[in-house]
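Me: I have a two-chain model open and would like to talk it through with you. Could we go question by question?

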Amino acid sequence: MLPSYFIQSPGWFAINVLVPVLLPFAVIAAVATATEGWRAFIQMLKKSVDAGQLFWVILGMLASTGYEAFSAYKRCPTLHEAISLALGLCIVGAVFCSIFIALNTSRALQGQTVRSVVVWISILATLIMSHYYSTIHSMVSRC
Amino acid sequence: MRKFFSRLILSDRFSDVLAYLFGIIMIVGVVGTMMLASH
């Protein structure tokens, strides 16, 4: 049931996806259990994403995916359409992420909280990008 | 102009609309890439 990219290159997946996405949460769990306990862990988990911090993670993964797609364009003539769409998605997504980072910072400066729908979309986009980055990597490394 | 941008950036509806748009673009882009790659 594991995705093919996880079986093909678990080391790549661990370094490029698990480290930026999950390692901070593992450290938060370690700090929470060492200081306050598991109840604090949930609060710290919420605090760690409720200002839209995940947009920085998404932006990094979009940039890496875009680079993988760009560098594979000449190498994979059969995948030109898919690579073009991936490249376009990465550029548009990066613009949106940058806007959200600026928007959330501006709202924080004015003492406003980030909208919950924005936080949920950032969590959803992080999950989508974790899968998409790995899929694009595995797709272009085969040609 | 500055007042307009300030009001726009701080408006909840603008944030929500932008978030939904981003979510839709991500889902359509990812599904589209997978469909194109499988052909």
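Me: What percentage of the 143 residues in chain A is buried?

Reply: Happy to help, and please keep in mind that this is a predicted model. A residue counts as buried if 20 or more other C-beta atoms lie within 10 Å of its own. Among the 143 residues of chain A, the buried share is 34%.

Me: Thanks! Which elements does chain A have, in order from the N terminus?

Reply: Chain A has zero strands and six helices. Its C-alpha atoms fill a box of roughly 55 × 35 × 20 Å along the principal axes. Read from the N terminus, the order is α-α-α-α-α-α.

Me: Among contacts in chain A between residues at least 6 apart in sequence, what percentage joins residues at least 24 apart?

Reply: A contact here needs C-beta atoms within 7 Å. Taking the contacts of chain A between residues at least 6 apart in sequence, the share that joins residues at least 24 apart is 75%.

Me: Which helix gives the largest share of the largest nonpolar core?

Reply: That core holds 39 residues, and A:Ile58, A:Ala69 and A:Ala86 touch the most other members. At least two residues each come from H2, H4, H5 and H6 of chain A, and also from H2 of chain B. The largest share is 11 residues, and the helix supplying them is H5(A).

Me: Leaving aside neighbours within four places in sequence, which residues is A:Ile58 in contact with?

Reply: A:Ile58 is one of the three residues that touch the most other members of the core. With neighbours within four places in sequence set aside, its contacts are A:Cys97, A:Ser122, A:Ala125, A:Thr126 and A:Met129.

Me: Now to the contact between the chains. Which helix gives the most to the side of chain B that touches chain A?

Reply: The contact takes 24 residues from chain A and 17 residues from chain B. On the chain B side, H1 (2-10) and H2 (12-38) each supply at least two residues. By class, that side has 10 nonpolar, five polar and two charged residues. The helix that gives the most, with 15 residues, is H2(B).

Me: How are H5(A) and H2(B) oriented, roughly parallel or roughly antiparallel?

Reply: Their axes come within 9 Å and cross at roughly 165°, in a left-handed crossing. The residues of this contact include A:Leu89 and A:Phe96 of H5(A) and B:Phe22 and B:Gly29 of H2(B); by class there are 14 nonpolar, five polar and one charged. Angles over 145 degrees count as roughly antiparallel. H5(A) and H2(B) are therefore roughly antiparallel.

Me: And H6(A) with H2(B), roughly parallel or roughly antiparallel?

Reply: Here the packing angle is about 20° and the axes are 10 Å apart, with a left-handed crossing. Among the residues that meet are A:Ile121 and A:Tyr132 in H6(A) and B:Asp16 and B:Met26 in H2(B), and the contact has 13 nonpolar, two polar and one charged residues. Angles under 35 degrees count as roughly parallel. H6(A) and H2(B) are therefore roughly parallel.

Me: One last residue: does B:Asp16 count as buried, exposed or partly exposed?

Reply: B:Asp16 is found in helix H2 of chain B. Leaving aside neighbours within four places in sequence, B:Asp16 is in contact with A:Arg115 and A:Val117. The partly exposed class lies between 12 or fewer neighbours, for exposed, and 20 or more, for buried. B:Asp16 has 15 C-beta neighbours inside 10 Å, so this residue counts as partly exposed.

Definitions and conventions
Residues numbered from 1 in each chain as written. Chains lettered and ligands numbered in written order. Predicted model: local features only at pLDDT ≥ 70, side-chain atom pairs only at ≥ 80, totals over all residues. Contact = placed C-beta atoms within 7 Å. Helix = DSSP H or I, 4+ residues; strand = E, 2+ residues; numbered from the N terminus. Nonpolar A, V, L, I, M, F, W, Y, C, P; charged D, E, K, R; others polar. Core = buried A, V, L, I, M, F, W, Y, C linked by C-beta atoms within 7 Å. Axes fitted to C-alpha atoms, helices over the stretch in contact; angles between N-to-C directions. Parallel < 35°, antiparallel > 145°, perpendicular 65-115°, else oblique. Left-handed = near helix turned anticlockwise from the far one by under 90°.
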